[in-house]
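Take a walk through this model, one helix at a time. Start with the sequence and the structure shown here.

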Amino acid sequence: LATLDEGIREAIHPDRNEHFMEPELYRLKAEIFKQCAEAEDRENRTENAAKLFQDAEDSFQDALDLARKQKARMLEIRAAVGLGRLWQRQGKRQEALQILEKLYDSFTEGFDTGDLREAHNLIEELKTSP
């Protein structure tokens, strides 16, 4: 997390113009928060887990917002998949499906890329899960 925070600080430093990877740094930070939250949850430390899950959601949202602002669509779909998986775990299937379908349907090419295949697979999971 410290390394990612340092990367984010470097990306937004006024003397550098590295903003193009900023959404990916937030997405990676969210994935770490999510993994830590899942570990805390397995250990029945629910209060810690809840905070970490919220931190993960906030970081995924930051990644999504920045990717949209930059029109970095592949970074946006990566962040949306991460957020979608988090919401799927939390029982927010409809919210996950809504954000993913809208974004996925806006693509006109690149469907053979790993990111779009992963998005498609998650959409299918969300549609078929109870």
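The expected span of a helix is 1.5 Å times one less than its number of residues. Helices here are DSSP runs of H or I with at least four residues, and strands are runs of E with at least two, numbered from the N terminus. The model is predicted, so local features need pLDDT of at least 70 and side-chain atom pairs count only at pLDDT 80 or more, while totals for chains, interfaces and linings use all residues. Residues are numbered from 1 along each chain as its sequence is written, and side-chain values use heavy atoms, with hydrogens and water left out.

Begin with α3, which covers residues 46-70. Its 25 residues should span 36 Å at 1.5 Å a residue, and its end C-alpha atoms are 36 Å apart, which agrees. Many names appear on its buried list (buried means under 20% relative accessible area, exposed over 50%, partly exposed in between, with a 1.4 Å probe and protein chains only). Among them are Leu52, Phe53, Asp55, Glu57, Phe60 and Leu64. What covers these buried residues? The cover includes α2 (22-42), α4 and α5.

Ser59 gives a close-up of α3. Ser59 counts as buried because its relative accessibility is 6%. Which residues does Ser59 touch, leaving aside its neighbours within four places in sequence? They are Tyr26, Lys29, Ala30 and Phe33, where contact means heavy atoms within 4.5 Å.

Now look at the loops on either side of α3. Asn44 sits in the loop between α2 and α3. Its phi is near 60°, a positive value in a residue other than glycine. Asn44 is exposed, with a relative accessible area of 65%. Lys71 comes just after α3, in the loop between α3 and α4. Lys71 also is not a glycine, and its phi is positive at about 60°. At 69% relative accessibility, Lys71 is exposed.

Next come the helix pairs. Two packed helices are described by the angle between their axes and the distance between the axes. Axes are lines fitted to C-alpha atoms, for helices over the stretch in contact, and angles run from 0 to 180 degrees between N-to-C directions.

Helix α4 (residues 73-89) packs against α5 (residues 93-105) at about 165°, with the axes 8 Å apart. The pair is therefore roughly antiparallel; angles over 145 degrees get that name, under 35 roughly parallel, 65 to 115 roughly perpendicular, and the rest oblique. The crossing of α4 and α5 is left-handed (the near helix is turned anticlockwise from the far one by less than a right angle; clockwise would be right-handed). Ile77, Val81 and Trp87 are among the α4 residues that meet α5, whose side includes Ile99, Leu100 and Leu103. This contact divides into 10 nonpolar residues, one polar and four charged. Ala, Val, Leu, Ile, Met, Phe, Trp, Tyr, Cys and Pro count as nonpolar, Asp, Glu, Lys and Arg as charged, and the others, Gly among them, as polar.

Helix α4 also packs against α6 (residues 114-128), at about 30° with axes 10 Å apart. That makes α4 roughly parallel to α6. The crossing of α4 and α6 is left-handed. Contact residues include Met74 and Arg78 of α4, and Leu116 and Leu122 of α6. They divide into seven nonpolar, two polar and five charged in the contact of α4 with α6.

Finish with α5. Its 13 residues should span 18 Å, and its end C-alpha atoms are 18 Å apart, which agrees. Its buried residues are Ala96, Leu97, Ile99, Leu100, Leu103 and Tyr104. Their cover includes α3, α4 and α6.
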